[in-house]
Amino acid sequence: MGKKSRSKKGGGQSAANKLERKEKLKQRREQQLEQAESAPDDDYERPYFVGDRVWFIDRESFGEGDNPLMYRGIVKAVDEETLAVTPLQWKFDGRDDRTVRVHKQKAFPDFADLTLRFDVGDRVVCRSDTWDPYSVDFQWPVGEIEPQGIDNPTDPRGYLPRYKCGPLAV
């Protein structure tokens, strides 16, 4: 003989309540998609908050960009025109009490995942006009955005280079 199932008294939801809840969730998802698809105003400036993760472009301070953790950081303070950012490399080195001042025009939100498929030195096939063999020189070359005349990404769908590739060393 098997166990008899007990009925829940007062704890279960009626079918009407479940249907109503599903409908509310569906409406909320549709609203979120509409907000994500709507183009931001040209005058709109995304606010930054303490704790935001950002990319910042500051070639003068950090050289050629071979260490992407020097261009990626955590916002520690926000002023009208600048951000105080602690680069991730400094956090890893235990120097997270220091910051770099970056103009807001030179910073943009970090929507990307921290991991990449290829490492520096890996052989890859890249496409410019045709598919050609190259090797990965840098990861996250955010310093390449400005020279190419591309706007800084303002949402997760924006262009953010993940690799800078060069000819294979033979």
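Trp55 has Arg72 of strand 2 as its bridge partner, and this contact belongs to the pairing of strand 1 (residues 53-56) with strand 2, which is antiparallel and extends over 3 bridges. Strands here are DSSP runs marked E of at least two residues, numbered from the N terminus, and two of them count as paired if DSSP finds at least two bridges between them. The model is predicted, so that local features need pLDDT of at least 70 and side-chain atom pairs count only at pLDDT 80 or more, while totals for chains, interfaces and linings use all residues. Residues are numbered from 1 along each chain as its sequence is written, and side-chain values use heavy atoms, with hydrogens and water left out.

From strand 2 (residues 72-78) the reader can move on to strand 3, since a hairpin of 3 residues joins strand 2 to strand 3. These two strands run antiparallel and are joined by 5 bridges, and Ala77 has Ala84 in strand 3 as its bridge partner. On to strand 4 (residues 100-103), strand 3 makes 4 bridges, again in an antiparallel arrangement, with Leu83 standing opposite Val102.

Strand 3 (residues 82-87) is also mostly covered, with 6 of its 6 residues buried, where buried means under 20% relative accessible area, exposed over 50% and partly exposed in between, for a 1.4 Å probe and protein chains only. Thr82, Ala84 and Thr86 are buried on one side of strand 3, and Leu83, Val85 and Pro87 are buried on the other, which leaves both faces covered.

Seen as a whole, this open sheet has 5 strands in the order 4-3-2-1-5, with antiparallel pairing. Strand 4 and strand 5 (107-109) stand at the edges, and because each has a single partner strand, one side of each is left without a neighbour in the sheet. The twist from one strand to the next averages 50 degrees, an angle taken between the N-to-C directions of axes, on a scale from 0 to 180 degrees, with the axes being lines fitted to C-alpha atoms, for helices over the stretch in contact.

Further along the chain, a hairpin of 3 residues joins strand 6 to strand 7. Strand 6 (residues 123-127) and strand 7 (residues 131-139) run antiparallel and are joined by 5 bridges, with Val124 standing opposite Tyr134. Strand 7 also pairs with strand 8 (residues 163-166), in the antiparallel sense over 4 bridges, and there Val136 has Cys165 as its bridge partner.
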